[in-house]
Amino acid sequence: MIFFITYNMKYIFIFILLGSGSILSAQEYFAQDWDSGETADKNFILSSQLYNDSIYYLSFNVCYLSDEIWEECITLGVMDNKGNVIQERNLDWVSALGDNKPIHISDSEIIIAGRTQDLLDPKIQLTIIDKNNWENYKVFHYDIGVDVEYYFSYSVIAYFDYYIVSGGTELKKVNLQPDWTLWIDKNTFEIDTITEYPFMNRISRMEFLYVDENNLLTCYYAGSGQRFYPSGNLANSRGFIKYNKEKEVVFHYLDTLDGNTGLNYLHTGLLLENQNMVYKQAHFNDEPFGIGNDPDYEVICINPDGETLWRFKNPGFSVYGEK
């Protein structure tokens, strides 16, 4: 099954291909457009996840306080594999980012990472919803113990005895944007440990979290100032890092193919079923004379040992292309 969700300013669209795994041999499909939530003019998908035969999604929506005043609120929804919306609910206490993975579905829970909208006392937010009864939910708030301007939550996952939430922030009065990953105890809902990108960096983002077949927490990260050009100047990069349940780093891959791409485009990092890892970067032309229609970015696949398996570059792809 292959699916993707996209949107314009009014409608949300979903496309499904059902078949043997190849687009060319897919035998069934559906395309669906719908308005997510209660407002038809201000809604778009932030994140989605396929779980068994259902598609769970978070969408940006608005909650009207009056005819002229509204505020951001998030809509949680689920549809079947024919495009029928089974259930939707506005979560007016959630503020979440798009282009990342702020939602995780397990057998019994829907887990959402976000932030509060309080500018005076910002907090990281974790919402846990009973998958079988959306009226049964818990909301928890956290901070990293320093004065910040704001928080961003990028990704969330359940991992052994922990809920893992990754994100970033900007410190008050200091031009620093530290990353953080919260290891939250499932029993007490208290922070057990806060980890951060463990090597040289100026800014890092743990954009996507997965668990591999060896039960290692697999993180795709992007950042700036993580390595040096031959000239000695700081360069940008991206890659994968893996932790075991003791929070020890057991794998680290740092992209060294190109140092020009920092945080200014939409990153994508995937863990495939065969455990290979895929990501994209701005195209680096390593040939002495490039052709005029060089691609803007390329897709790279590495194996669990960090070895490059293939690099795909197709002229005309945009650096801002989403997954």
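How many bridges join E18 to E19? Five, and the two strands run antiparallel. I'll come back to that pair, but let me set the scene.

What you have above is a predicted model, where local features need pLDDT of at least 70, side-chain atom pairs count only at pLDDT 80 or more, and totals for chains, interfaces and linings use all residues. Residues are numbered from 1 along each chain as its sequence is written, and side-chain values use heavy atoms, with hydrogens and water left out.

Okay, the overall view. The protein chain has zero helices and 23 strands. Helices (H or I, at least four residues) and strands (E, at least two) are DSSP runs, numbered from the N terminus. Of the 323 residues, 47% count as buried. Buried here means under 20% relative accessible area, exposed means over 50%, and partly exposed is in between, using a 1.4 Å probe and protein chains only.

The accessible surface of the chain comes to about 16200 Å², and carbon and sulfur atoms hold 49% of that. Those areas come from the Shrake-Rupley method with a 1.4 Å probe, and for residues only the protein chains shown count as cover. As for contacts (heavy atoms within 4.5 Å), take those between residues at least 6 apart in sequence: 45% of them join residues at least 24 apart.

Now a sheet to look at. Four strands make an open sheet in the order E4-E5-E6-E7, with antiparallel pairing. Two strands pair if DSSP finds at least two bridges between them. Which strands stand at the edges? They are E4 (44–51) and E7 (85–91), and each has a single partner strand, so one side of each is left without a neighbour in the sheet. From one strand to the next, the twist averages 25 degrees. Those angles run from 0 to 180 degrees between N-to-C directions, and the axes are lines fitted to C-alpha atoms, for helices over the stretch in contact.

Inside that sheet, E5 (residues 54–64) and E6 (residues 70–79) run antiparallel and are joined by ten bridges. If you want a spot to click on, find Ser 59, which stands opposite Thr 75 in E6.

Back to E18, then. Is E18 mostly covered or mostly open? Mostly covered: nine of its ten residues are buried. On one pairing, E17 and E18 run antiparallel with nine bridges, and there Tyr 220 has Phe 240 of E18 as its bridge partner. On the other pairing, with E19, Lys 242 has Phe 251 as its bridge partner.

E18 and E19 form a hairpin with five residues between them. In that turn sits Lys 247, with a positive phi of about 70 degrees although it is not a glycine. Most residues other than glycine have a negative phi. Lys 173 is another one to look up: its phi is positive too, about 65 degrees. Lys 173 is in the loop between strand E13 (162–171) and strand E14 (179–185), and at 88% relative accessibility it counts as exposed.

One more thing on E18. Leu 234 is in that strand and counts as partly exposed, at 34% relative accessibility. Leu 234 joins Phe 199, Met 200, Phe 228 and Val 249 in a nonpolar surface patch of about 410 Å². Patches are made of residues with over 30% relative accessible area and no salt bridge; nonpolar side chains (Val, Leu, Ile, Met, Phe, Trp, Tyr) are joined within 5 Å, like charges within 9 Å.

Last topic, salt bridges. How many does the structure hold? Seven, where a salt bridge is a side-chain nitrogen of Lys or Arg within 4 Å of a carboxyl oxygen of Asp or Glu.

Start with Asp 212 and Lys 242, whose closest N and O atoms are 2.8 Å apart. Asp 212 lies in the loop between E16 (203–211) and E17 (217–228) and Lys 242 in E18, so the pair ties together parts that are 30 residues apart in sequence. Both residues are buried.

Then there's a network: Asp 121, Lys 123 and Asp 143 are joined by salt bridges that share partners. Asp 121 meets Lys 123 at 3.9 Å, N to O, while for Asp 143 and Lys 123 the closest N and O atoms are 2.7 Å apart. Asp 121 is partly exposed at 43% relative accessibility, and Asp 143 is partly exposed at 31%.
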